[in-house]
Amino acid sequence: MAPTTFPLREVLAVADIHPFYNPNVQYPPSPEALKSALELAHKQSEDSDLSSRPLVSKKDLYKAIARLTDDTSPQNEYRRSSYVSITGGGSGGLPLMFMTDTKENRNQRTVFGEFLSTCGVVEPNDWILTTHVSGYFYRSLDLMSEMLENAGATVFSAGNYMTPAEVVDALAHYHINVITGDGSQVIQVVHHISTLPAEERSKINLTKVLYTSEPLTEAQRSHITATLGPVKISSVWGSAEAGPCALTNPDLISDERPPGTSDFIFDTRQVVIEILPPSASEGDSSARIRSVPDGEEGIIVQTSLLRRRNPLVRYITGDIGSLQPLPEKARAIIPESEHKHLRVLRLRGRDRRFSFKWFAMYFEFENIVSFMQADRTGILQWQVILDTLESSPQTTLEIRLLRQADSQQIMSKKEFVDSLEKYFFILDENRHLFQITFVDDLSGFEKSSTGNKVMKFVDRLH
């Protein structure tokens, strides 16, 4: 089957009869119902209009997904022939499963793999080692491995359980020129390389770094180039719900952009990106919420043209960004036939009104509040702090807590610490980046300079 994307009218036709978007529908459409909906869509003459569709939040999807995942009825099409990717595992409890049609998923890996090749992120002579996560239901290792192979590379699937020392030995032994992984994993490996004697470092000849998930800070980028030399640092932007959506390649993007932003190129045949005013995510009741002008920042809303059976329509990603034209330097490299389909998403980062990201996992503030206020925690005040290690630019997560005095009404300190580490998904590989600090009074918290109030979230990275 040749790789393909779906017309917007087909995606919207399925959304009309899907429980993600229609509360009166119990199950996703059967193959027969899907066929009928598509036939009807092609008979309609009017253009597809996204602006008339309501926005969908993660909370909206989670509610429907939780019900469909638990329903074992033979009529429940959500549980049929699906690729399982998890989302929300970083917010405590069991992660929710976002199901994609298996054939659509394989097609997306092919389409985006070719996109990586077209944009020069991956070349046929690249030997790539990936440290992406596998296990605990996470699928980033096999997803990235297959995409990179579809782009033409030779891939070594190291996974996240190989130690930095083992990874570095493999880089040298197999003459690998590209390393890829979540941003935190890449920094761990690069930091290990920086501690090696000059003779051992000389055996490593990396020319590219391809990171995913959380963005790299300027300090982390500087650490990479100081350690590895003039390597090309590229990235892929995506999510469990939408899959891979955009990429960045320093050869294609503008050198002049606002501090704290990253430019990603996306194909309008794969995804529709809208930039809406921030009020749109706060329940703006406007009949038709229109996009802000190009170049103006707002919330990022996406509609996938690669997922049809379980559509993703006007989904609030939780990120802030703006739309920009394709730079001239990109037009000089990318085939001319592709120019009209490509645009630039200038990503500012997460909308910190709702969540933050650490060690490749999102943590929703709403869920953290629920955890801290749960019965028997004994929490009187809490604070989350993102920072970096003194010895390297790896991102750290500190939780500061003021608890009640020990009593039979609250869980023991050990029990609470165990539950907190489980909530934040602490593993051997990230334990050195995590810290729990118990304070005796409010003076132990960082406070705002204006109201002198305890800040729930302190971001020292951005």
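**Exercise 1. Two loop residues**

Task: In this predicted model, where is R376 placed, and what is its phi? Then do likewise for S81.

Solution:
- Step 1. Find R376. It sits in the loop between α11 (365-372) and β16 (379-388).
- Step 2. Read its phi. The value is near 75°, which is positive, and R376 is not a glycine.
- Step 3. Recall the general rule. Most residues other than glycine have a negative phi.
- Step 4. Turn to S81. This residue lies in the loop between α3 (58-70) and β1 (82-87). Its phi is about 45°, again positive, and S81 is not a glycine.

**Exercise 2. Buried, partly exposed or exposed?**

Task: Which class of exposure fits R376, S81 and E199?

Solution:
- Step 1. Fix the cut-offs. Buried means under 20% relative accessible area, exposed means over 50%, and partly exposed is in between.
- Step 2. Place R376. Its relative accessible area is 40%, so R376 is partly exposed.
- Step 3. Place S81. Its relative accessibility is 41%, so S81 is partly exposed.
- Step 4. Place E199. Its relative accessibility is 63%, so E199 counts as exposed.

**Exercise 3. A charged patch**

Task: Which residues gather in the patch of negative charge on the surface, and which helices each supply at least two of its residues?

Solution:
- Step 1. List the members. They are E166, D169, E199 and E200.
- Step 2. Find the helices. α6 (164-173) and α8 (198-201) each supply at least two residues of the patch.
- Step 3. Check one member. E199 lies in helix α8.

**Exercise 4. Strand β8 and its partners**

Task: Which strands pair with β8 (residues 243-248), and in what sense? Is strand β8 largely enclosed or open, and why?

Solution:
- Step 1. Start with β7 (residues 232-239). β7 and β8 pair in the antiparallel sense, over five bridges.
- Step 2. Look at the link. β7 and β8 form a hairpin, with three residues between them.
- Step 3. Pick out a facing pair. S235 stands opposite T248 in β8.
- Step 4. Go to β9 (residues 262-267). Two bridges join β9 to β8, and these strands run antiparallel. In β9, F266 is the bridge partner of A246.
- Step 5. Judge the burial. Six of the six residues of β8 are buried, so the strand is largely enclosed by the rest of the structure.
- Step 6. Add a general point. In a regular strand, side chains alternate between the two faces of the sheet.

Methods:
Residues numbered from 1 in each chain as written. Predicted model: local features only at pLDDT ≥ 70, side-chain atom pairs only at ≥ 80, totals over all residues. Heavy atoms only, no water. Patch = residues over 30% accessible without salt bridge, like charges linked within 9 Å, V, L, I, M, F, W, Y side chains within 5 Å. Areas by Shrake-Rupley, 256 points an atom, 1.4 Å probe, with all protein chains shown as cover. Salt bridge = Lys/Arg side-chain N within 4 Å of Asp/Glu carboxyl O. Lys, Arg positive; Asp, Glu negative; His and termini not counted. Charge placed at Lys NZ, Arg CZ, Asp CG, Glu CD. Helix = DSSP H or I, 4+ residues; strand = E, 2+ residues; numbered from the N terminus. Buried < 20%, exposed > 50% of the residue type's maximum accessible area, 1.4 Å probe, protein only. Pairing = 2+ DSSP bridges.
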